[in-house]
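Me: I would like to learn how to read a structure feature by feature, with the general idea given before each case. Could you take me through this one slowly?

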Amino acid sequence: VTYAITELTKHLSILNPLSNQLINRPKEDKDLIDRVGIESTIGNTPLIVIKSLSEATNCTILAKCEFLNGAGNSPKDRVAQSIISKAEAADLLTPYSDDTIYEGTVGSTGISLATLCRARGYKAHICMPSDQAMEKSDLLLKLGAVVERVTPAPIVDQQHFVNRARNLAAAHMMDLEKPGRGVFADQFETEANWRAHFEGTGPEIYEQAHERVDAFVAGAGTGGTLSGVSMYLRQKLPDVQIVLADPQGSGLYNKVKHGVMFHGLEREGTRRRQQVDTVVEGIGLTRATRNFMVGEGLIDDAVKVSDNEARRMARWLCEKDGIFVGSSSSVNCMAAVRTALRLGPGHRVVTVLCDSGMRHLSKFWKQVGDIGGESNMMFEQLLNG
Ligand code: PMP
């Protein structure tokens, strides 16, 4: 038996050097095994009260601090973990092999995947639109991912960043010379995405809000967060209102309000300079993805947020509360305020802070500008400019 165990251990150690390091540890160290590594910092993020907005609206505005997921610092840590774990369980990926994960992303999912690829022994190949802030592609390069910045294109174009990643994964599988396997993460369509929020983010919000949420407000980049959280909350709280926060240039507001999708296809012959026509990164779509559609029927209302409003909210949150966040978080908070004002005093509105302003210094925050020493914006100005 001892011989068999020794042989098995050797075999395991070839597959997974991490298990080798941990196998010969004393018992008290082995008890710590589920806290090993960066992945143990994913999930259980705080739900905070945004004081200034709660006071101004006479509601309780709560924000789930998803930028505090400790691997890639966004809600996409949960999604990346879910996608990789499911692929491993289906034997599509093997840790510490030559397997490569391909993904089309505006950045956050790529950063979470690239981080977990390092932690689990994979290669990452990321395709992202070239209009996104350089901080994100710079970070991806530091994490050792192959990064392609792709010219913005409509989804029907094979050069669209998502199609490019899917095609590269398929080509990898066909190429017998290329070591390992190629797997397309497919965040826009895979069930692993909304499920990560249905099983993690949603239950956490429900418990942290003491089982009372009047409205949940979030934007949709793939739709995974909105759908997964909404599905969970609606199961527990049949009266909870679900509100889409949509930036300018996105087609989802019209789809929810009027049942008509704006596809964002440019005029014949013009070249697209932005994937979605907004300074906001991470949310807004010009097509309905599976992760959006799976929860679409639950949406009660949509709030359109202009780039100006997003910039004002980013400034307000930093100025009044010391909350320094990116553009999608600002859109979420503006839509949460509008929802609170519509519902009236005493309601409890929950939204999401997706990523830090650090990831948006060169683009969005350059437009917002420096806050300066004064803290003088009035709530009226926040709402009306
Ligand atoms: N905020 C940021 C910064 C993002 O990158 C994303 C995902 N693209 C989202 C919000 C939206 O998340 P979801 O894909 O779950 O709709």
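Me: Let me begin with helix H6; why can H6 be called largely enclosed by the rest of the structure?

Reply: The general idea is to count neighbours, since a residue is called buried if 20 or more other C-beta atoms lie within 10 Å of its own. In this predicted model, 11 of the 13 residues of H6 pass as buried, so the helix is largely enclosed by the rest of the structure. Among the buried residues are Ser 108, Thr 109 and Gly 110, and the list also includes Cys 117 and Arg 120.

Me: Which elements cover the buried residues of H6?

Reply: To answer that, one looks for the elements that are in contact with the buried residues. Here the cover includes helix H5 (76–89) and strand E3 (100–104), together with strand E4 (123–129) and helix H7 (134–142).

Me: How far does H6 reach from its first C-alpha to its last, and what comes just after H6?

Reply: A helix can be checked by comparing its span with the one expected at 1.5 Å a residue. H6, which runs over residues 108–120, reaches 18 Å, and this is close to the 18 Å expected. Just after H6 comes Gly 121, which takes a positive phi of about 85°.

Me: Which residues other than glycine have a positive phi, and where do they lie?

Reply: Most residues other than glycine have a negative phi, and it is therefore useful to note the cases that go the other way. Asp 91 has a positive phi of about 60°, and its place is in the loop between H5 and E3. Asp 186 also has a positive phi, of about 65°, and Asp 186 is found in the loop between strand E6 (182–184) and helix H9 (191–208).

Me: Is Asp 91 buried or exposed, and is Asp 186 buried or exposed?

Reply: The neighbour count is applied again, with the added rule that a residue counts as exposed if 12 or fewer other C-beta atoms lie within 10 Å. Asp 91 has 7 such neighbours and so counts as exposed, whereas Asp 186 is buried, because 21 other C-beta atoms lie within 10 Å of it.

Me: How do I read the pairing of strands, and how many bridges join E4 to strand E5?

Reply: One asks how many bridges join two strands and in which sense the strands run. E4 and E5 (residues 146–150) run parallel and are joined by 5 bridges, with Pro 129 standing opposite Val 150 in E5. Between these two strands the chain crosses through H7, and this β-α-β crossover is right-handed.

Me: What covers the picture around strand E7, and which strands pair with E7?

Reply: With a strand, it helps to look at each face in turn. In E7 (residues 215–218) both faces are covered, since Ala 215 and Val 217 on one side and Phe 216 and Ala 218 on the other are all buried. E7 runs parallel to strand E8 (residues 241–247), to which 4 bridges join it, and Ala 215 stands opposite Gln 241 in E8. The chain passes from E7 through H10 to E8 in a β-α-β crossover that is right-handed. E7 also pairs with strand E10 (residues 348–353) in the parallel sense, over 2 bridges, where Phe 216 has Val 350 as its bridge partner and Ala 215 has Val 349.

Me: How many residues of E10 are buried, and over how many bridges do strand E2 and E10 pair?

Reply: The same two readings, burial and pairing, can be used together. In E10, 5 of the 6 residues are buried, and the strand is mostly covered. Strand E2 (residues 60–65) pairs with E10 in the parallel sense over 6 bridges, and Ile 61 stands opposite Val 349 in E10.

Me: Finally, which residues come nearest to the ligand?

Reply: For a ligand, one lists the residues around it and then asks where they come from. Of the 19 residues around the ligand, Ser 108, Gly 221, Gly 282, Ser 328 and Cys 354 come nearest. Helix H10 (residues 224–236) gives the largest share of the shell, 3 residues, and by class the shell has 6 nonpolar, 12 polar and 1 charged residues.

Technical notes:
Residues are numbered from 1 along each chain as its sequence is written. This is a predicted model: local features need pLDDT of at least 70, side-chain atom pairs count only at pLDDT 80 or more; totals for chains, interfaces and linings use all residues. A residue is near a molecule or strand if its C-beta atom, placed from the backbone, lies within 6 Å of it. Ala, Val, Leu, Ile, Met, Phe, Trp, Tyr, Cys and Pro count as nonpolar, Asp, Glu, Lys and Arg as charged, and the others, Gly among them, as polar. The expected span of a helix is 1.5 Å times one less than its number of residues. Two residues are in contact if their C-beta atoms, placed from the backbone, lie within 7 Å. Two strands pair if DSSP finds at least two bridges between them. A crossover is right-handed if, with the strands pointing away from the viewer, the path from the first strand over the helix to the second runs clockwise.
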